[in-house]
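Q: I would like to learn how to read chain contacts and surface features in a model of several chains. Can we work through one?

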Amino acid sequence: MSNGGAMPPSLEAVDIECERGERILFSGLSLSLRPGNLMLIEGPNGSGKTSLLRILCGLAQPSSGVVRWRGTDITQTRDQFRAELIYLGHNHGVKGDLTPYENLSIARDLACARQDITLDEALDAVGLAGFEDVPARTLSAGQRRRVALARLLVTEVRLWVLDEPFTALDTRGVTLVERMLAGHLAQGGMAAVSTHHPVAVAEVDIVRLELS
Amino acid sequence: MSEAPGLFTALGVLIRRDLLLALRRRAQILNPLVFFVIVVTLFPLGLGPEPNLLQKLAPGVLWVAALLSAMLSLEAMFHSDFEDGSLEQLLLAPQPVFITVIAKVLTHWLLSGLPLLLLAPLLALWLHLSPDAIVVLLASLALGTPVLSLIGAIGVALTVGLRRGGVLLSLLVLPLYIPVLIMGAGAVDAAASGLAAGAHLSILGALLLLSLSLAPWAAGAALRISVE
Amino acid sequence: MWVWLHKFGSPKYFYNVSGKILPWVGGATVLLILVGLYLGLFASPADYQQRDSVRIMYIHVPSAWNSMFIYLVMAAAAAIGLIWNIKIADIAAAVSAPIGASFTFITLVTGSLWGKPMWGTWWEWDARLTSELILLFLYLGYIALQSAFEDRRTAARASAVLAIVGAVNVPIIYYSVQWWNTLHQPQSLGVGMSTIHASMLLPLLLMALGFKLLYVTLLLMRTRTEVLERERNSAWVQELAQALSGKSSSDQVRSSNEQR
Amino acid sequence: MNSADFFHMGGYGLYVWGSYGVALAVLALNVALAHQHQRRVLRTITRSARRDRSCA
């Protein structure tokens, strides 16, 4: 599925620099991501992993440098870029007053939905069977993280940007995420993941990025 | 690959989402309305029950009270979404940002502006306002309260990232409310003294159109800045 | 214009160029204000009606013009900073707000002092004074928002949005207050003259120009200092500091500010 | 116009000199703060430069 170097890389960042207050977290950083790639971003706390991910998906503005999606600057093609992207940050974006089912159906209605899976199947696949109609605030942090992960199953999106997806997940949750990642990459998807745990994803070309 | 939903379907989804959220916390909708009633009843207690004094002050009192209670409920527009991270998700939705802002403003108006509109005639009677002045009051509130929500959305979007943004929000938003207050209260005052209020209402309409075109852009830009 | 904007945008270039301009602007300001004051206080006639209290006009009207002028310059600088991400524009906008607020405050005080002999009350809900008061609220809102953020860049960009929205609202506020004033009050003698006697016009214009240059002087001084503070660990500031600390510290302090 | 009625300003001395005084005070305050801020920043950067030079 991945067509090598002929096409420009789907996601490309060219010497981006990030400033936090007075400190320069990183500068002159360039990276590129092609279909089928998994980029692992590692580094100690405060090294700017989250800032880098937020810059890549356009939530934050780099103090210099440019981020391109399919060859055009993301500040120009805002809507098209966001239609092909999902970002899971530290706080999971699940509304406590709504049930997982309602949360998921809203997320799917706003994005490009996949037709081949129903909401209940997705919730079941992430291990929330039986919790579909309970207000999300009564769920544990791990369960709320799973509701957020279920969004990855119900939407058809090429780029996943995951900020430490394994936090608050038990071992079965970690293997679940690894399986989802493998499936996504196999279908020509891309992912940028920041994490401290080693990610066991078989025969996938992993690009490692170390932030000092 | 299926296409992302159109603007109007997304608007519909967002409005349904916010109404659903609001109904789960019914009390929060009532608070600003109770505040509106209490503030209006304070004035006769402060100024004395004398009818034609109250009648003379009624337009100003009703409009200032409506303005304050609309502002009171602004905070809820983005705050809970900012707290749990869903504001980021809304900013990353395929639809342009102003769709999100318009949906939020419309919901805020449905839950605060519209009830004010329904309550206002009752309170106007308490202040002995004449019937045709009440009609103009309703017209001016119908045109004015959306402007309050739109301009308020800019203020909230600017201060959503701050811990104690409440007081700052009123400092930012109240000066911008002054033209609406002048035109709104002026319309009711003109009607109460038997003059035509057409000019005031048309200016209110102009303010509505202006803020409809300016506020979504400004609030969208402010949201993108506050989320950074 | 594009190259100039970027060149002038670089802090080092700005610091050097403004360093050269500052003494001239400062000198011109002092000269204009002195001449204006002399003409205003001594050489121009008293008004036939208000007699000598009209001399307050030479302070009140120039600072009123300045308060509006500075808000628009602030909004423009903020917009430039927001759209083209130029740090100097952000600093200029942030620095202009307190200066604008000071001129608005002067306008309000001198307006009420001028109003007392004419209308007999310290505060008159006159259309111009009321819109100046609202302009002061806009300034205070801008300054409050600016200082509410820890991160300077977010502060600059958020307050830029507020300044732009405020700038759009200033004319609306002005005309609605004007409308409100004519509705509720018969047209009272507004502060300031409809027909200004020629000999009064010259000092008024001199003072107005002097006040504008005073704003530019203060703006340049404040922006230069802010640039030094924010760029303190960049190479050119280190160089400058080395050069300055090279001389004996006593004359260094004198030489560095002799240009003011 | 001798100096006595110069200050008298035809009875409006209080208002005229009051407003000139307020204006002068506020503007002088602005200039002083700007100047003092400049001196403080210059002193800090030269002091840190001298510190670097001495230990470099």
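A: The turns below go through chain contacts, one interface, a surface patch and a small summary of one chain. The model is predicted.

Q: Where should I begin, and which of the touching pairs of chains has the most contacts?

A: Begin with which chains touch. Here 4 pairs of chains touch, and the most contacts among them are between chains C and D.

Q: How far apart are the nearest C-alpha atoms of chain A and chain D?

A: Contact is judged by heavy atoms within 4.5 Å. Chain A and chain D do not touch, and their nearest C-alpha atoms are 16 Å apart. Chain B and chain D have no contact either; the closest C-alpha atoms of that pair lie 24 Å apart.

Q: How many residues does each side bring to the contact of chain B and chain C?

A: Chain B brings 26 residues and chain C brings 28 residues. The area buried between these two chains is about 2,400 Å², and carbon and sulfur atoms give 83% of that. On the side of chain B, L158(B), L176(B) and I225(B) lose the most area to chain C, together 24% of what that side buries.

Q: How many salt bridges are counted between chain B and chain C?

A: The count is 3 salt bridges. One of them pairs R163(B) with E150(C), with the closest N and O atoms 3.4 Å apart. The cut-off for such a pair is 4 Å, so this pair qualifies. Polar contacts are a separate count: 4 residue pairs across the interface of chain B and chain C.

Q: Which helices of chain B supply at least two residues each to the side that touches chain C?

A: They are α7 (131-159), α8 (165-192) and α9 (198-227) of chain B.

Q: Which residues of chain B form a nonpolar patch on the surface?

A: The patch consists of L30(B), V34(B), I38(B), L42(B) and L45(B), which together have about 500 Å² of accessible area. Take I38(B) as the example: I38(B) lies in helix α2 (residues 26-47) of chain B.

Q: Why does I38(B) count as partly exposed?

A: Partly exposed covers the range between under 20%, which is buried, and over 50%, which is exposed. I38(B) falls in that range because its relative accessible area is 45%.

Q: What can be read for chain D as a whole, starting with how many helices and strands there are?

A: Chain D has 2 helices and 0 strands. Of its 56 residues, 38% count as buried. The accessible surface of chain D comes to about 3,200 Å², and 64% of that belongs to carbon and sulfur atoms.

How values were computed
Residues numbered from 1 in each chain as written. Chains lettered and ligands numbered in written order. Predicted model: local features only at pLDDT ≥ 70, side-chain atom pairs only at ≥ 80, totals over all residues. Heavy atoms only, no water. Patch = residues over 30% accessible without salt bridge, like charges linked within 9 Å, V, L, I, M, F, W, Y side chains within 5 Å. Areas by Shrake-Rupley, 256 points an atom, 1.4 Å probe, with all protein chains shown as cover. Salt bridge = Lys/Arg side-chain N within 4 Å of Asp/Glu carboxyl O. Helix = DSSP H or I, 4+ residues; strand = E, 2+ residues; numbered from the N terminus. Buried < 20%, exposed > 50% of the residue type's maximum accessible area, 1.4 Å probe, protein only. Buried area = accessible area lost by both parts, 1.4 Å probe. Polar contact = N/O pair within 3.5 Å; in protein donor to acceptor, adjacent residues only side chain to side chain.
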